[in-house]
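This report treats a single chain by way of selected residues, its aromatic pairs, its nonpolar core and the packing of two helices. Please read it alongside the sequence and the model shown here.

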Amino acid sequence: MANKVETLVASAAIKCPADKFYNFFKLDMNEIVKIFPAAFTGVELVEGEEGAVGSIKIWHYIIGAIPTTAKVLTEAIDDAAKIITFSVLEGDLLQLYKSYKATLSVSDGLAKWSIEYEKATILSPPPQLYVPLAVTLCTLVDAYLLIN
């Protein structure tokens, strides 16, 4: 039996302008390490240009008290719709999932992460820990952007 792609959604209200929030995730995402150091411990651009489709970053973060690494591709950017899609190419997540993709869509007053994943085995749990992480991240970035 083939596994199916499943989706989790995490949404957060935002107060800063949608363009500013979207552009932060497109162009200044490395600042997350300063804004949310309890969860994000490092990031490095290893291929391509910041804010461009095809760029690849290695993220170091903590999820459920476990240090984790992910090599992440910026797969798609739609400036008009304010949507960015990231795909995990390598890392700890791919021990549990055959594929893992996160899409951020930003509109006035709302940031929404859609997490698409395919379980590696029937025993792989849904990535529930990423929902509160995404909500907290959006809340902290929003607060940061309101004062910067």
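## Ser11 and its surroundings

Ser11 belongs to strand 1 (residues 5-13), where helices (H or I, at least four residues) and strands (E, at least two) are DSSP runs numbered from the N terminus. With a relative accessible area of 39%, Ser11 is partly exposed, given that buried means under 20% relative accessible area, exposed over 50% and partly exposed in between, with a 1.4 Å probe and protein chains only. Setting aside neighbours within four places in sequence, Ser11 is in contact (heavy atoms within 4.5 Å) with Leu110, Ala111, Lys112 and Val135. One of these partners, Lys112, is 101 residues away from Ser11 in sequence, yet their C-alpha atoms are 4.3 Å apart in space.

The model is predicted, so local features need pLDDT of at least 70 and side-chain atom pairs count only at pLDDT 80 or more, whereas totals for chains, interfaces and linings use all residues. Residues are numbered from 1 along each chain as its sequence is written, and side-chain values use heavy atoms, with hydrogens and water left out.

## Aromatic pairs

A search of the whole structure finds 12 aromatic pairs. The rings of Phe21 and Phe25 have centres 5.1 Å apart and planes at 45 degrees, so this pair is tilted; the rings of Phe, Tyr and Trp (its six-membered ring) pair if their centres lie within 6.5 Å, and planes under 30 degrees apart count as stacked, over 60 as edge-to-face and the rest as tilted. Both Phe21 and Phe25 sit in helix 1 (residues 18-27), four residues apart, which is about one turn of the helix, and both are buried.

Phe25 also forms an edge-to-face pair with Trp113, at 5.7 Å centre to centre and with 75 degrees between the planes. This second pair links distant parts of the chain, since Phe25 is in helix 1 and Trp113 in strand 7 (residues 110-119), 88 residues apart. The relative accessible area of Phe25 is 2%, so Phe25 is buried, and Trp113, at 8% relative accessibility, counts as buried. Elsewhere in the aromatic listing, Phe36, Phe40, Trp59, Tyr61, Tyr97, Tyr100, Tyr117 and Tyr130 form one cluster.

## The nonpolar core

In soluble globular proteins, nonpolar side chains tend to be buried together. The largest nonpolar core here has 42 residues, and those with the most contacts inside it are Phe21, Phe25, Ile32, Phe40 and Trp113; such a core is a set of buried Ala, Val, Leu, Ile, Met, Phe, Trp, Tyr and Cys residues joined through side-chain atoms within 4.5 Å. Helix 3 (residues 130-147) supplies the largest share of this core, eight residues. Not counting residues up to four places away in sequence, Ile32 touches Phe24, Phe25, Pro37, Phe40, Trp59 and Leu137.

## Packing of helix 1 and helix 3

Two packed helices are described by the angle between their axes and the distance between the axes. The axes of helix 1 and helix 3 come within 10 Å and cross at roughly 115 degrees, where axes are lines fitted to C-alpha atoms, for helices over the stretch in contact, and angles run from 0 to 180 degrees between N-to-C directions. Helix 1 is therefore roughly perpendicular to helix 3, a description that covers 65 to 115 degrees, while angles under 35 degrees count as roughly parallel, over 145 as roughly antiparallel and the rest as oblique.

The contact is made by Lys20, Phe21, Phe24 and Phe25 of helix 1 together with Leu137, Cys138, Val141, Asp142, Tyr144 and Leu145 of helix 3.

## Strand 4 and the loops

Thr74 lies in strand 4 (residues 66-78) and, at 11% relative accessibility, counts as buried. Its contacts, leaving aside neighbours within four places in sequence, are with Ala52, Val53, Gly54, Ser55, Ile84, Thr85 and Phe86.

Two residues other than glycine have positive phi values: Ala65, near 70 degrees, and Lys82, near 60 degrees. Ala65 occupies the loop between strand 3 (56-63) and strand 4 and is exposed at 70% relative accessibility, whereas Lys82, in the loop between strand 4 and strand 5 (83-91), is buried with a relative accessible area of 19%.
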